[in-house]
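Grab a coffee and work through a few short exercises. Try each task by eye before you read its solution.

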Amino acid sequence: MRTHQPATPERGVHLASTEPANPTDGLVCTGVTPRRTEWLPELLSELRPRTEETIQNYSHIDAWRTSTALCSQLHPEWNSLEDAWTDDVAEAVAYTHAITTLATTYDTPEELSRYHQHRHADLVDTVESIGTGRGPVNAGVGALAKGPVALHRELDSDPRVITLLLDGAEWTSLEDRRTGVRALATIAVLAHGFCVQVGVSPALQRHLTKRYPQWTEAHLDLTASRDRSPTTGHQQSRGVDDAWAAINDLDTEPTKRHLLGCLTDEYARSYADLTNEPTLEIAEGTISRYVLDLEARDLVTVDRRGQQNTVRLTDLGTTAVTACLDDTQRIIHPDQCQLDGRLTGTPQRFTSTVSPRRPGARTIEEWITATGKTGDGGEYVQWLTDPKANSPTNRHQRFATVAADDSITLVDDPLDAFEDGRVAYLSHADTETLVVLQWGGPLATLGRLASALLSEKALAEILTPTRLGNKFENITDSAKDTPRIIQRGHQVGWFSDDEATYHAWRDRISTVRDQLLARLAELTDSDDTAARSDLFADLHGLIASVTQLYQAAGLDLTTTLRVPDTAALARNHKTRADFCAFLAKTVPKQSVYGIHSGYRLLFEDRPAKLRRRLPYDIDPTDRLDLTMSWVIAGPTITELHEEITTTLQAELTTVREAIAEGTEDAPPLSIPVRDATTYPAIRRVLDDVAMTHDVQWTPRERQRLVRLCLRSFGPADTHRACPYDVVESLLRALNESHHPTPADVERAAATLPPERFRLDLAPTATKLYATLLHADKPLGRSELLKRADISASSYDRRLRDVRALDRVCAVQVDGHRRWTIQATRARQSAGTLETHQQPTTPHQVVTSHATGQMSTHSVCAESKPVTTTHSMIRNSTHHGRRRHPLGDYLDGPPIDQPQPTTMRSDHPTVQASLPLHSNQRGDTQ
């Protein structure tokens, strides 16, 4: 650190002056990264002697009297017996006592005894760790506000200067925007007590303006000049546009929206008050984190001067709540606030007519979330593609293409919650069956899955007597003992000799289904652990049984589990652990080896169950298959990849004792956990669509298409993409041309909502770019305003972002400047020239027991077909089309393509393949 003296210091955040530094006053912290724990302790260390000096000038009495006087001055109710301390207040009080003791007791250079050396070190640690999350009670930035910031604000007549020189490389390469938000919130908190000067390069200044527009406009005023508008109408429009920009990406965070809806600009509410708000199910510690994010967006303002923080809406927050949220706190565009749901907005300020919304304009995502309410006559299981109607097949293809056989596939998707979370969707085409449902907790989710797989729709259209056989002869060798194979091979439950005919089995299984769902309704909110454990076991058994029948009938079965609020799930340890345990206990139960239940083969240890098995022979090269593949989708679900993998490994590495000791042979079970947002995953999706629709793209075209998708459908600078948007765009392009070019695909992608296309741009900029992509001629300002349906101020503010895009260029038409899209990219930035290559080191398979093979296996190895030599076994396991062979393009772009010399990947492939075993029977799940 070095010192710096700004001119006329004022509390707040300011751009650092370019005047020469004065080495006699102020603090300068260099290399400030987005991770506040890397620089805040150093800043507090350098601030400590100055704080001690301030306290020495304030009081000359003993430490305890000085600290209690300061606490009473800064936190008037700190010694109240009625109000409990928050973590912020507790850590701030500890800080005040510690810094006062250092200033008044340890202010001499005398040699200290061993006791006082230890005490001095503890006091210093308390002072220099406040607000970092590593202090006495692990409090956050609120403790910083109530500790050193409040102290200096109260005691310094002239604010001290702190200059923070931001590390441009660290900020521009940051992946998780939330980390930057927390650092900027810390800077804003420091500004309440100090004159904080922020040093940024021009490039970093542009980056901050683009990625954190609300913070930079509120604190650095970097966008003020280009946001000014001379007319009142445009000023009002700008306010609404700014509110929309601040709130529109909260579409996947309903709790934050409900928190905004509980606030006003007139009355401040304390965190404790909000904790007791009946419409909010949120802990006080979580509220403080949410408020920090909302404060960084300039939607709320926080008063940290009292014992308890209070929060109220800012003017921008009031505009956001009134113009961008409906009565249920769902996000709606301001232009649609006063319009009937059937109509769209118009670009004119005054208009006499509006155009009705085009029929069928909803995206698949919008269609699937509109489940309707089951209480209003809606069905709990609905068709995604109705086999009896002319339903669009692209809905089925959207979900089926992303899935990979015998895997858990993770998809980052900015999805919305279902109107009714109890609804599940069912789809069937050829040999593929899909279930799409929403996470509702372990027990409820199992019930929804069982309800869909054995619904009347499934029994009438999929598991039919034609497919299974009147005596199930179509799924076994009719010359063999069919009931015995189903009972003791596939281990199908609730199947006795009395249920050996299709209609008898259907009556029995429907009754069992209804009974279990009735128990589920009774136990959903029950504390009866034993009853819930029994229901878990029964539902697991029912699902394992029916998936064996799907697999034996030759059907590729995939369940897509949607998790709308992955951020909330990841923050809460219990819900996160329940979710990972659900997968660990459920997925392996859907496993098979020929005609044999894989779970019963490997994990069962009950003697009675073990005696009810068919004999089998093991090929040492064989592995088990899954009867059902899984896709887990949510806004940030890939962040749970490591914990899901770890939980699978921890839960399922113990097999039956005889197998572990080597006295009994059994094939291993391998469950890859795949990240579907990476370069190789997107390439597989592209190849699958090309194969299905017989599109002969060249290797060069495929490479360009993958890069286009990574640029168009993922967060900025992540080199990732949502595969659902990739599929939807490719299918839309194929509707227009049998051989769509990358330009055709980008034009089709531009028909997606702004929140799904070009996420690196603001929504207004995305609208402008999409309008240019669909234009058949160069467009000027007025025509762009009309077609894009945006305000003039939004156009002026976002045009610079759009014209910086590679394909956008200006042309002269009759002496006027117009904007158009070039057929090929005019230039390529360094980032787009680099190959989005994943690491080429093969991932290893952790093997739980010796099988005569190597103990580790590359995940790149393609799954081998199941074989068995048991005399009763015929080749009755029908294998459908393998969606994605795991060996294809797993480690990066195809080697037959020309590769640039510069290669980098900030996002390695997050995929692991684990042969997982367990002797757990799901007593709790």
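Helix axes here are lines fitted to C-alpha atoms over the stretch in contact, and the angle between two of them runs from 0 to 180 degrees between N-to-C directions. Keep in mind that this is a predicted model.

**Exercise 1.** Work out how helix 35 and helix 36 are oriented relative to each other.

*Solution.* Start with the numbers: helix 35 (781–788) and helix 36 (792–803) pack at an angle of about 110°, and their axes are 10 Å apart. Angles of 65 to 115 degrees count as roughly perpendicular. Helix 35 is therefore roughly perpendicular to helix 36.

Next, look at who touches whom. Helix 35 brings Arg781, Leu784 and Leu785, and these meet Ala792, Tyr795 and Asp796 of helix 36. Sorted by class, that contact has 4 nonpolar residues, no polar ones and 2 charged ones.

**Exercise 2.** Do the same job for helix 31 and helix 33.

*Solution.* Helix 31 covers residues 699–712, and it packs against helix 33 at an angle of about 25°, with 10 Å between the axes. Angles under 35 degrees count as roughly parallel, so helix 31 and helix 33 are roughly parallel to each other. The crossing of the two is right-handed.

On the helix 31 side, the contact uses Glu701, Arg704, Leu705 and Leu708, while helix 33 supplies Pro742, Val745 and Glu746. The class count comes to 4 nonpolar, no polar and 3 charged residues.

**Exercise 3.** Decide whether Glu746 is buried or exposed, then find its contacts.

*Solution.* Place the residue first: Glu746 sits in helix 33, which spans residues 742–749. Its relative accessibility is 3%, so Glu746 counts as buried; the cut-off for that is under 20%.

Now the surroundings. Ignoring neighbours within four places in sequence, Glu746 contacts Leu708, Phe757, Arg758, Tyr769, Leu773 and Arg807. With Arg807, the side chain of Glu746 makes a polar contact of 2.5 Å.

**Exercise 4.** Say what stands out about the phi angles of Asp406 and Asp789.

*Solution.* Begin with the usual case: most residues other than glycine have a negative phi. Asp406 isn't a glycine, yet its phi is positive, at about 55°. Asp789, also not a glycine, has a positive phi near 60°.

Then check where they are. Asp406 lies in the loop between helix 17 (394–402) and strand 9 (408–412), and it counts as buried because its relative accessibility is 7%. Asp789 lies in the loop between helix 35 and helix 36, the pair from Exercise 1.

How values were computed
Residues numbered from 1 in each chain as written. Predicted model: local features only at pLDDT ≥ 70, side-chain atom pairs only at ≥ 80, totals over all residues. Heavy atoms only, no water. Helix = DSSP H or I, 4+ residues; strand = E, 2+ residues; numbered from the N terminus. Buried < 20%, exposed > 50% of the residue type's maximum accessible area, 1.4 Å probe, protein only. Polar contact = N/O pair within 3.5 Å; in protein donor to acceptor, adjacent residues only side chain to side chain. Contact = heavy atoms within 4.5 Å. Parallel < 35°, antiparallel > 145°, perpendicular 65-115°, else oblique. Left-handed = near helix turned anticlockwise from the far one by under 90°. Nonpolar A, V, L, I, M, F, W, Y, C, P; charged D, E, K, R; others polar.
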